[in-house]
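Please find below a short note for a colleague who is meeting this structure for the first time. The points are numbered for ease of reference.

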Amino acid sequence: MNEVPRIGIVSALHDELAAVLQRLPDEQRAPVAGRDFWCGHWHGHALVAVLARVGKVAAATTATILIERFGVDRIVFTGVAGGLAAHVRVGDLVLARELLQHDMDASPLFARHEVPLYGRARFATDAALSDALARAAQAVLARPEATLGAGVTREFALHAARLHQGLVVTGDRFVAAAADSAALRAALPDALAVEMEGAAVAQVCHDYGLPFAALRTISDRADDSAHVDFSRFVARVASPVSAAVLEAYFQSL
Ligand code: ADE
């Protein structure tokens, strides 16, 4: 456990974590606080992989343990998100350059969305780590068939999938009504996607001065037309895509 540096890999989904663990030759389980942390190597780089768990508190606890107990020197988060901006479609990737808690509201004491005592609503991700992840994501999107096979690529129209970069918003709510996503778009017009953990992990990494990057595959449009088969999308598309992007990232180190 004294080896440094070690990269923290946080997966939002069981399937995603399984796809990561499949690629590690030597993972060891280390249980802490009801979570299984997996210490291993990928392309010779030490990492600790873990499931985020769902929601801001659970994800913040997971991130804090990664930092305090496992001494990771950066955190990379992968998962799925609902598309908010009109041009963000199912199958696209969104790389967070900033994250914000859309359900934070201590007004009138503080401005809407501002996290009290931080003097800010938005937490930036690390530029260099995000750039590296963006390159890895572009490489995967350039050849979706290599990751997903021709059938799945065609079924989900992934030859047209794009990488977007910008604001991702987080809250303790699965957004599944058109009225709710419209309200988010009105309040936060530059938001690309919505999920349930990213801004919490970004805030923890901010507190510790740790580089953080977050990549999400768009699984739905955060409206009433939920994806036909969410679990199938996660198993067939989101998990292999995350693993392939991480593979390209570790190869590039
Ligand atoms: N993760 C994936 N889709 C989501 C949605 N619509 N709302 C919140 N988190 C999500």
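1. Ala33 is located in the loop that lies between strand E2 (28-32) and E3. This residue is not a glycine, yet its phi is positive, at about 50 degrees. The reader should bear in mind throughout that the model is a predicted one.

2. A second backbone feature concerns the peptide bond between Ser107 and Pro108, which is cis, with omega at about 10 degrees. Pro108 belongs to the loop between strand E6 (93-101) and strand E7 (122-124).

3. Turning to the ligand, the space that the ligand takes up is the largest pocket. Strand E5 (74-83), strand E9 (191-195) and strand E10 (212-220) are the elements that each give two or more residues to the shell around the ligand. Of the elements, E5 gives the most to this shell, contributing three residues.

4. The residues around the ligand are Val80, Ala81 and Gly82; Arg173, Phe174 and Val175; Val194, Glu195 and Met196; and Ser219, Asp220 and Ala222. Sorted by class, the shell holds seven nonpolar residues, two polar residues and three charged residues.

5. Which residues place a polar atom close to a nitrogen atom of the ligand, and at what distance? For Asp220, a polar side-chain atom lies 2.7 Å from a ligand nitrogen. For Val175, the atom concerned is a polar backbone atom, and the distance to a nitrogen atom of the ligand is 2.8 Å. Gly82 likewise offers a polar backbone atom, 3.3 Å from a nitrogen atom of the ligand. On its own the ligand has 260 Å² of accessible area, and the protein covers 96% of this.

6. The final point concerns the aromatic rings. The count of aromatic pairs comes to six. One pair is formed by Trp42 and Phe250: the ring centres are 4.9 Å apart and the planes meet at 20 degrees, so this pair is stacked. The cut-off behind that assignment is that planes under 30 degrees apart count as stacked. The pair also links distant parts of the chain, since Trp42 is in strand E3 (residues 35-42) and Phe250 is in helix H7 (residues 230-252), 208 residues apart.

Note on methods:
Residues are numbered from 1 along each chain as its sequence is written. This is a predicted model: local features need pLDDT of at least 70, side-chain atom pairs count only at pLDDT 80 or more; totals for chains, interfaces and linings use all residues. Side-chain values use heavy atoms; hydrogens and water are left out. A residue is near a molecule or strand if one of its heavy atoms lies within 4 Å of it. A polar contact is a pair of N or O atoms within 3.5 Å; within protein, one must be able to donate a hydrogen and the other to accept it, and residues adjacent in sequence count only if both atoms are side-chain atoms. Accessible areas come from the Shrake-Rupley method with a 1.4 Å probe; for residues, only the protein chains shown count as cover. On a 1 Å grid over the protein atoms alone, a cavity is a set of points where a 1.4 Å probe fits but cannot get out, and a pocket is an open set with protein on both sides within 12 Å along at least five of seven lines; lining residues have an atom within 4 Å of a point. A molecule sits in a cavity or pocket if more than half of its atoms lie within 2 Å of its grid points. Helices (H or I, at least four residues) and strands (E, at least two) are DSSP runs, numbered from the N terminus. Ala, Val, Leu, Ile, Met, Phe, Trp, Tyr, Cys and Pro count as nonpolar, Asp, Glu, Lys and Arg as charged, and the others, Gly among them, as polar. Rings of Phe, Tyr and Trp (its six-membered ring) pair if their centres lie within 6.5 Å; planes under 30 degrees apart count as stacked, over 60 as edge-to-face and the rest as tilted.
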